[in-house]
Amino acid sequence: MAEVSSRIPVRFILEGVGEAEGVLTKISAPLTVEAILRTLPLEGRAYPCPGGIYFIIGLRRGEEKSRRRVEAGTIAYWPMSDSICVFHSASTPYSPVNIIGRITKNLESFKLLRSGTKVRMEKL
């Protein structure tokens, strides 16, 4: 039962592009994931970053088990810009990010996003 509650399915609705699915993993950054879960659904405008996109969410969390390198498919919280990042390629972000999950379906759709595209993240 703990395994089920530690992996929370989420959906990303990408305006004019489609949908993608992922899972948030509490063990990666438990306090950050809990704070994000309390505020879902989240909406913002996509901005490009090296290897992915990010959208500002207004949460204001600090670093928690942060990392400087990420793999393709990583969902992360970026404390420096108070944003959710989705990385479609392996990358080294400008500053450390809190890994909070992974994209499990339609990762390639994030490569199609243009700056300013509306992104919505919600529980599945």
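1. The disulfide count for this structure, a predicted model, comes to zero. C49 is in no disulfide: the nearest cysteine sulfur, that of C85, lies 4.9 Å away. A disulfide would require the two sulfur atoms to be within 2.5 Å, so the sulfur of C85, at 4.9 Å from that of C49, is too far for a bond.

2. Are these two cysteines buried or exposed? C49 is buried, at a relative accessible area of 13%. C85 is buried as well, with a value of 1%.

3. C49 and C85 also belong to the lining of the largest cavity, together with P50, W78, F87, P93, Y94 and V97. The structure holds one cavity of 30 Å³ or more, and the volume of the largest cavity is about 50 Å³.

4. What classes of residue make up this cavity lining? Eight residues are nonpolar, while polar and charged residues are absent. The two cysteines are counted in the nonpolar class, as are the aromatic lining residues W78, F87 and Y94.

5. The largest pocket has a volume of about 170 Å³. Its lining consists of S28, K65, R67, R69, V70, E71, T74, I99, G101 and R102. By class, five of these residues are charged, three polar and two nonpolar.

6. Which element gives the largest share of the pocket lining? Strand β9, spanning residues 97-105, does so with three residues. The pocket-lining residues I99, G101 and R102 fall within that range. V97, listed for the cavity lining, is at the start of the range given for strand β9.

Notes:
Residues are numbered from 1 along each chain as its sequence is written. This is a predicted model: local features need pLDDT of at least 70, side-chain atom pairs count only at pLDDT 80 or more; totals for chains, interfaces and linings use all residues. Side-chain values use heavy atoms; hydrogens and water are left out. On a 1 Å grid over the protein atoms alone, a cavity is a set of points where a 1.4 Å probe fits but cannot get out, and a pocket is an open set with protein on both sides within 12 Å along at least five of seven lines; lining residues have an atom within 4 Å of a point. Grid points are joined across faces, edges and corners, and a volume is the space filled by probe spheres set on the points. Helices (H or I, at least four residues) and strands (E, at least two) are DSSP runs, numbered from the N terminus. Buried means under 20% relative accessible area, exposed over 50%, partly exposed in between (1.4 Å probe, protein chains only).
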